[in-house]
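Colleague: I would like a close look at one helix and at what its side chains do. Please begin with a single charged residue and work outward from there.

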Amino acid sequence: MGRADDGDGRAGERRSGGGRGPGAAGPTDLQAFAVQLRRMNGEVNRLVHGFAGEHGLHATDVQALAAILDAPEPLTPGRLREHLGLTSGAVTACLDRLERAGHIRRVRESADRRVVHLHWVPDARSAARAHFRPLAEVTASVRSGFSEDELSVVLRFLTAMNEELSGVRPPGR
């Protein structure tokens, strides 16, 4: 594997298929990945911003909803703050908006009344599923064009990207 981004959006040495040497551009070069990842991110953001606008939310609120939905166990506000990289005050404002809009509820489920867990409200989950159904349908359609082995590689790539990106912090933070 060659060098990563040189800072100008291009890679120095590139890893590519087909026996090409270092620096040769091909269908798997870094720039091709960057372009497609940006395009996909833009399309997903378009859907997220549409949902946010329809429900009087901020895009960050939708990120919070996704984090609450995707968590393997109920999130606390503190864990959500860490996940989103926000201040305590920003998370509190986000959760206040989500609760007022009827998307989540805060529940004290343990003997320690200070512990709050965040849960989706069932009707809100249905509204989100309806809004994002086209994304699910497109995903299912595109998946059908790939073998299980290919999908396994794609999923492994996306998982590795997400793991690595979760540890990246912008300069100055």
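Is R46 buried or exposed?

Modeller: R46 is exposed, because its relative accessibility is 52% and the cut-off for that class is over 50%. The model is a predicted one, and what follows is computed from it.

R46 has a charged partner. Its side chain forms a salt bridge with E43, and the N and O atoms that come closest are 2.8 Å apart. Both residues belong to helix α1, with their positions three residues apart in the numbering, about one turn of the helix. E43 has a relative accessible area of 43%, so E43 is classed as partly exposed, since exposed requires over 50%.

Helix α1 also carries nonpolar side chains on the surface. L30, F33, L37, M40, V44, L135, V154, F157 and L158 make up a nonpolar patch whose accessible area together is about 640 Å². Two elements supply two or more residues to this patch: α1, which runs over 30-54, and α6, which runs over 148-166. The most comes from α1, which provides five residues.

Two of the patch members are phenylalanines, and they bring us to the aromatic pairs, of which the structure has two. One consists of F33 and F157, with ring centres 5.2 Å apart and an angle of 45° between the planes, a tilted arrangement. F33 is in helix α1 and F157 in helix α6, so this pair links parts of the chain that are distant, 124 residues apart. F33 is partly exposed, because its relative accessibility is 32%. F157 is partly exposed as well, at 32% relative accessibility.

The other pair is made by F51 and F132, whose ring centres are 5.4 Å apart and whose planes meet at 40°, so it too is tilted. Here F51 in helix α1 is linked to F132 in helix α5 (residues 122-143), and 81 residues separate the two in this link between distant parts of the chain. F51 is buried, because its relative accessible area is 1%.

F51 has a further neighbour in helix α5, namely H131. With residues up to four places away in sequence set aside, H131 touches L47, G50, F51 and E54. H131 has a relative accessible area of 18% and therefore counts as buried, the limit for that class being under 20%.

To return to the charged residues, R46 and E43 are one case among several. By the rule used here, five salt bridges are counted in the structure. Side chains of opposite charge can pair when their charged atoms come close.

Away from α1, another bridge joins R97 to D61, with 2.7 Å between the closest N and O atoms. R97 lies in helix α4 (residues 88-100) and D61 in helix α2, so many as 36 residues apart, and the bridge links distant parts of the chain. D61 is buried, because its relative accessibility is 0%.

D96 and R106 also meet through their side chains in a salt bridge, at 2.9 Å from N to O. D96 belongs to helix α4 and R106 to strand β1 (residues 104-107), so this bridge ties together parts ten residues apart in sequence. D96 is partly exposed, because its relative accessible area is 28%, and R106 is partly exposed at 28% relative accessibility. Salt bridges with shared partners join D96, E99 and R106 into one network.

As for the setting of α1, the chain has six helices and two strands, and along the sequence they follow the pattern α-α-α-α-β-β-α-α. Of its 173 residues, 21% count as buried. The chain has an accessible surface of about 12,000 Å², and carbon and sulfur atoms account for 54% of that surface. Among contacts in the chain with a separation of 6 or more, 38% are between residues 24 or more positions apart.

Taken together, α1 holds the exposed R46, gives five residues to the nonpolar patch, and pairs through F33 with α6 and through F51 with α5.

Terms used
Residues are numbered from 1 along each chain as its sequence is written. This is a predicted model: local features need pLDDT of at least 70, side-chain atom pairs count only at pLDDT 80 or more; totals for chains, interfaces and linings use all residues. Side-chain values use heavy atoms; hydrogens and water are left out. Patches are made of residues with over 30% relative accessible area and no salt bridge: like charges are joined within 9 Å, nonpolar side chains (Val, Leu, Ile, Met, Phe, Trp, Tyr) within 5 Å. Accessible areas come from the Shrake-Rupley method with a 1.4 Å probe; for residues, only the protein chains shown count as cover. A salt bridge is a side-chain nitrogen of Lys or Arg within 4 Å of a carboxyl oxygen of Asp or Glu. Helices (H or I, at least four residues) and strands (E, at least two) are DSSP runs, numbered from the N terminus. Rings of Phe, Tyr and Trp (its six-membered ring) pair if their centres lie within 6.5 Å; planes under 30 degrees apart count as stacked, over 60 as edge-to-face and the rest as tilted. Buried means under 20% relative accessible area, exposed over 50%, partly exposed in between (1.4 Å probe, protein chains only). Contact means heavy atoms within 4.5 Å.
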